[in-house]
Amino acid sequence: MNRQWFLTGSIIAAGSSVLGQRVIDITGTGQGKIPISLAAYRTGSDAASRGFLAVLKADLNRSGYFRVTSSGAAVSVVGQVRAGSQMKADVQVYKVAGRQRMLGKSYNAPANSYRTLAHKAADEILYAVTGKKGMASAKIALVGTHTGRKELYIADIDGKGLRQVTKDRSIVVAPRWSPDGSAVIYTSYKRGYPNVFMTGRSRPISKHPGLNAMGTLSPDGRTLAVILSKDGNPDLYLKSMLTGLTKRITRTRRGNEASPCWSPDGNHLVYVSDSSGRPHIYIVSRNGGTPKRISSSGTENISPDWGENGLITWCSRIGGKYRIVVGNPVKRTSRVLETDWADYEDPRWAPDGRHIVCSRTSGYRSGIYLLDTLKDSPVALISGSGDWYSPAVSP
């Protein structure tokens, strides 16, 4: 399992003007998926073209809004894909009733980028048909033990294309994406003590005396929220990425803070504190002030993530197991997602605002899973060849 809420120990195409007329009504839940057919879509005999179509079908099924079928479809995808050294994919999407065109677009890319091209097409088909943002083009940053050490990895959100990023031969924890998705911020012990690093930079972006951990950039990329112990207990600080100046946000004399995450507008932070005696979820203004506790049940509440949808997800220990909670900080309501009785931890919102990527631990082995807040079945994304946890999903 991967509980790291305190780090004081060793580890601690369609035009917008007509979109409203084109969108198919999908009010509701994970039920009532839109049947979509790609039976008339043509591919070349090359592996890249066939791979494009296979990835596109899988993405549409995984979106939660579609059911790929060969008969009885409400939406039809036609066109063709061909690949030499370059790939060209023409995608036309029609509402079967009335043959209303919902999307017409051509995609070009090197043939070895067929997965990226299929992800992009899947997201644009979803938006054209439903008006909703997709997740197929997102990536996951995660921690894995494939080499025997805890290193940083990156994969597509479908779990494919996994590649190792760090070779610190130490301990890496708590990855978070930069707001533009171009870099990952993470904590590494490669210098013997925890510092905060960013991919693409050799030097740490936070290296104050003591603990430097769980850094995460504000939506405008100008401020790092980070847990520092330079003044005593681990507290929440803000650090300017321009000047390096720090501002202390919390002052907990007998507690520890951890796992900060920004609100979508950058005006607040959600984080974990055990100031009440047990870890709970709190919200505080970026200007400081009195924090507001938002979790009430469970013996531990940790690892929060504030989605673009305004909802906060976190991990709560209930009945001896770690479960995933989704809370509304405005309405002060929350619910526990239905899962099996494995331990589910480290929840992170996918960019579609519907799905959550998290770690699942059962039988002392951890993998990365996709949960649907509208009750589709969990999907295993990455498992085997070591343990995998602490996912972070790109914007």
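**Helix packing and cores in the predicted model**

Once neighbours within four places in sequence are set aside, Leu56 is in contact with Leu38, Ala118, Ala121, Ala122 and Ile125. This is a predicted model, and Leu56 makes a handy way into it. Leu56 is one of the H2 residues that meet H3, and Ala118, Ala121, Ala122 and Ile125 are among their partners on the H3 side.

The two helices, H2 (residues 47-62) and H3 (residues 114-130), pack at an angle of about 40 degrees, and their axes sit 8 Å apart. The crossing of H2 past H3 is right-handed. From H2, the contact takes in Ala48, Gly51, Phe52, Val55, Leu56, Asp59 and Leu60. H3 answers with Tyr114, Arg115, Leu117, Ala118, His119, Ala121, Ala122 and Ile125. Sorted by class, the contact of H2 with H3 has eleven nonpolar residues, plus two polar and two charged ones.

H3 itself runs for 17 residues and reaches 24 Å from its first C-alpha to its last, close to the 24 Å expected at 1.5 Å a residue. Most of H3 is covered, with 13 of its 17 residues buried. Right after H3 comes Gly131, whose phi is positive, near 80 degrees.

The same pair of helices turns up again in the largest nonpolar core, which has 33 residues. Inside this core, the residues with the most contacts are Tyr41, Phe52, Leu56, Phe66, Val93 and Ile125. At least two core residues come from each of strand S1 (34-37), H2, strand S4 (75-83), strand S5 (86-95), strand S6 (100-110) and H3. H3 gives the most, with eight residues. Another core, of 28 residues, lies apart from this one, and includes Ile227, Ile281, Trp314 and Cys315.

Strand S6 also holds Ala109. At 11% relative accessibility, Ala109 counts as buried, because the cut-off for that label is under 20%. Not counting residues up to four places away in sequence, Ala109 touches Gln86, Met87 and Leu117. Of these, Leu117 also appears in the H3 side of the contact with H2. Ala155 is 46 residues from Ala109 along the chain, and the C-alpha atoms of the two are separated by 20 Å.

Just ahead of S6, the loop between S5 and S6 contains Arg99. Its backbone stands out a bit: Arg99 has a positive phi of about 50 degrees although it is not a glycine. Ser303 is another non-glycine with a positive phi, here about 55 degrees. Ser303, though, is placed in strand S21 (residues 301-306). With a relative accessible area of 6%, Ser303 is buried.

Further along the chain, Pro351 is found in the loop between strand S25 (343-349) and strand S26 (355-362). Is this loop proline buried or exposed? Pro351 is buried: its relative accessible area is 17%, and the label applies because that value is under 20%. Setting aside neighbours within four places in sequence, Pro351 is in contact with Lys133, Gly134, Met135 and Ala138, and also with Val393, Ser394 and Pro395. Pro194 is another matter, as the C-alpha atoms of Pro351 and Pro194 are separated by 29 Å, with their positions 157 residues apart along the chain.

Terms used:
Residues are numbered from 1 along each chain as its sequence is written. This is a predicted model: local features need pLDDT of at least 70, side-chain atom pairs count only at pLDDT 80 or more; totals for chains, interfaces and linings use all residues. Side-chain values use heavy atoms; hydrogens and water are left out. Axes are lines fitted to C-alpha atoms, for helices over the stretch in contact, and angles run from 0 to 180 degrees between N-to-C directions. Helices (H or I, at least four residues) and strands (E, at least two) are DSSP runs, numbered from the N terminus. A crossing is left-handed if the near helix is turned anticlockwise from the far one by less than a right angle, and right-handed if clockwise. Contact means heavy atoms within 4.5 Å. Ala, Val, Leu, Ile, Met, Phe, Trp, Tyr, Cys and Pro count as nonpolar, Asp, Glu, Lys and Arg as charged, and the others, Gly among them, as polar. The expected span of a helix is 1.5 Å times one less than its number of residues. Buried means under 20% relative accessible area, exposed over 50%, partly exposed in between (1.4 Å probe, protein chains only). A nonpolar core is a set of buried Ala, Val, Leu, Ile, Met, Phe, Trp, Tyr and Cys residues joined through side-chain atoms within 4.5 Å.
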